[in-house]
Amino acid sequence: AVKTCQRLNLLTGESMTAFESLPALVEQASREVAEDEALLSDAPDEFLDEILSTFMKDPVILPSGHYVDRSTITQHLLNDPIDPFNREEMTIEDVKPAIELKAKIDQWLEEKRAAQRQSSNNNN
């Protein structure tokens, strides 16, 4: 694709430079996602969305007291404006940020990343 853009003069200057660097950036992002997935494989159950059982990045508390990721409940409410646990009507405005849980998740993740960096440094 880069050679085609160069041959046909589709991109020039900074645009071409940015386009040429794209494969390396995608590869780096892919590695980071894979590393994060490996870190999350042993996440405590309290960090998992109660609907999808996936790791929560933005935990919220529903009016029913259940914890889910904001993206999960947002998607659910687009299709069905009820709390999935008690079937009562709700909107996204009824959802509250789970500040303490988010802090615990962030601390746990940072500790896991630090341990991974330490392990990488020891192996080099």
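This is a chat about the sheet, cores and largest pocket of a predicted model.

Colleague: Let's start with the sheet. How many strands, and in what order?
Modeller: There are three, arranged 2-1-3 in an open sheet, with antiparallel pairing.

Colleague: Which strands stand at the edges?
Modeller: Strand 2 (67-69) and strand 3 (96-97) do. Each has a single partner strand, so one side of each is left without a neighbour in the sheet.

Colleague: And how many bridges between strand 1 and strand 3?
Modeller: Two bridges, in the antiparallel sense, with strand 1 covering residues 59-61. If you want a spot to look at, find I61, which stands opposite K96 in strand 3.

Colleague: What does helix 3 lie across?
Modeller: Helix 3, residues 70-79, lies across strand 1, strand 2 and strand 3. Relative to strand 2, helix 3 runs at about 85 degrees.

Colleague: OK, switching to packing. Which residues make up the largest nonpolar core?
Modeller: Nine of them: A43, F47, F55, M56, A98, L101, I105, W108 and L109. Apart from that core lies another, of seven residues, including V60, V68, I73 and V95.

Colleague: What is A98 in contact with, sequence neighbours aside?
Modeller: Leaving out anything within four places in sequence, A98 contacts P59, V60, I61 and Y67. P59, V60 and I61 fall within strand 1, residues 59-61, while Y67 belongs to strand 2 (67-69).

Colleague: And L101, buried or exposed?
Modeller: Buried: L101 has 9% relative accessibility, and the cut-off for buried is under 20%. L101 is found in helix 4.

Colleague: What does L101 touch further along the chain?
Modeller: Not counting residues up to four places away in sequence, L101 touches E46, F47, M56, P59 and Y67. Of those, F47 and M56 are also members of the largest nonpolar core. As for P59, L101 is 42 residues away from P59 in sequence, yet their C-alphas are 7.1 Å apart.

Colleague: New topic, pockets. What volume does the largest one have?
Modeller: About 200 Å³ for the largest pocket.

Colleague: Which residues line the largest pocket?
Modeller: The lining is V33, D36, E37, L40, F55, M56, K57, K102, I105, D106, L109 and R113. F55, M56, I105 and L109 turn up in the largest nonpolar core too.

Colleague: Where does the largest share of that lining come from?
Modeller: From helix 4, with five residues. Helix 4 (99-123) and helix 2 (13-40) each supply at least two residues of the lining.

Technical notes
Residues numbered from 1 in each chain as written. Predicted model: local features only at pLDDT ≥ 70, side-chain atom pairs only at ≥ 80, totals over all residues. Heavy atoms only, no water. Core = buried A, V, L, I, M, F, W, Y, C linked by side-chain atoms within 4.5 Å. Buried < 20%, exposed > 50% of the residue type's maximum accessible area, 1.4 Å probe, protein only. Contact = heavy atoms within 4.5 Å. Pairing = 2+ DSSP bridges. Helix = DSSP H or I, 4+ residues; strand = E, 2+ residues; numbered from the N terminus. Axes fitted to C-alpha atoms, helices over the stretch in contact; angles between N-to-C directions. 1 Å grid on protein atoms, 1.4 Å probe; cavity = no way out; pocket = protein on both sides within 12 Å on 5 of 7 lines; lining within 4 Å. Points joined across faces, edges and corners; volume = space filled by probe spheres on them.
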